[in-house]
Amino acid sequence: MTAYDFVFPELETERLRLSILTLDDSEAIYKHFSDENVTRFMDINPCKDLNEAKEIIQYHIDDKGCRWGIFSKKDHRLVGTCGFHCWIQGEQPKAEIGFDLAKEYWGMGLMQEALLPVIAFGFEQMGLSIIEATVEQQNEKSIQLLNRLHFEKEAELRDGLFYYYLNRTI
C-alpha cells in the first residue's frame, strides 16, 4: 500500500472528533486560518479569501500524508487541524507531524488529546518508525506540548528551527 491509496479514518477522543479535511470544510478552514494567532508560527500567511482556504485543503489532499480537522463534539465547531506531512515509506518510514489550534481553545489540553491517537495511528497503522516535528524557537506552547508528548529535541538548530523526533517503541 502506498501513501496515495492509504485510507485515513475518523478518530475520536472524549471531547473531539478528527476527520480528514475535504473541500466541504473550506468555510471553517477559511475562518480558522484567517486568524493570525493560528498562522503566526506557520509557513503560511493568514487566509484572505475562501480560495486560499481551498488551496490549503487541496495541498493536504495532494500531499503524501493527511490532515484531520479537529472538531469539538460539544458544538461541532472546527477548533484546529493536525496531521502528517512528507510521509516517507521504506526501510525506516517517517513523517512530519503538524498541528494548529484556534486561540480560544488554547490551554485546555485539546491538542494533546488530539495528538495522542494521531501519534498512535502513525506508529500502529502507518507503520512509522519516526515522527518528526519542527518548531520556531518562539513557539513556547508547541515546544511544551512536544515535551509532554516525549518528543526529543535535536541538539542542533537548523534554519532557525528546533527539530524534534519521536521514535516508535516496540
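Biologist: Which residue just after H5 takes a positive phi?

Modeller: In this predicted model, His150 does, with a phi of about 70°.

Biologist: And what makes you say that the buried residues of helix H5 lie on the same side?

Modeller: Helix H5 spans residues 140-148, and its buried residues include Ser142, Ile143, Leu145 and Leu146. They cover an arc of only 160° around the axis, so they sit on the same side of H5. Among the elements covering them are strand S5 (94-101), helix H4 (110-124), strand S6 (130-136) and strand S8 (161-167).

Biologist: Let's turn to Arg67 in strand S3. Why is Arg67 called buried?

Modeller: Buried means under 20% relative accessible area. Arg67 has 4%, so the word fits. Its neighbours in contact include Ile20, Met42, Cys82 and Phe99.

Biologist: How do you know that the side chains of Arg67 and His85 are joined by a polar contact?

Modeller: The cut-off for such a pair of N or O atoms is 3.5 Å, and the contact between these two side chains is 2.8 Å.

Biologist: Now the cysteines. Why is Cys66 not bonded to Cys82?

Modeller: A disulfide is a covalent bond between the sulfur atoms of two cysteines. Here we ask for sulfurs within 2.5 Å. The closest cysteine sulfur to that of Cys66 belongs to Cys82 and is 7.8 Å away, so it is too far for a bond. Cys86 is in no disulfide either, as its nearest cysteine sulfur, in Cys66, is 12 Å away. The count comes to zero disulfides.

Biologist: Are Cys66 and Cys86 buried or partly exposed?

Modeller: Cys66, at 2%, is buried. Cys86 has a relative accessible area of 43%, so we call Cys86 partly exposed.

Conventions: Residues numbered from 1 in each chain as written. Predicted model: local features only at pLDDT ≥ 70, side-chain atom pairs only at ≥ 80, totals over all residues. Heavy atoms only, no water. Helix = DSSP H or I, 4+ residues; strand = E, 2+ residues; numbered from the N terminus. Buried < 20%, exposed > 50% of the residue type's maximum accessible area, 1.4 Å probe, protein only. Polar contact = N/O pair within 3.5 Å; in protein donor to acceptor, adjacent residues only side chain to side chain. Contact = heavy atoms within 4.5 Å. Arc of directions from axis to C-beta. Lists of a residue's contacts leave out its neighbours within four places in sequence.
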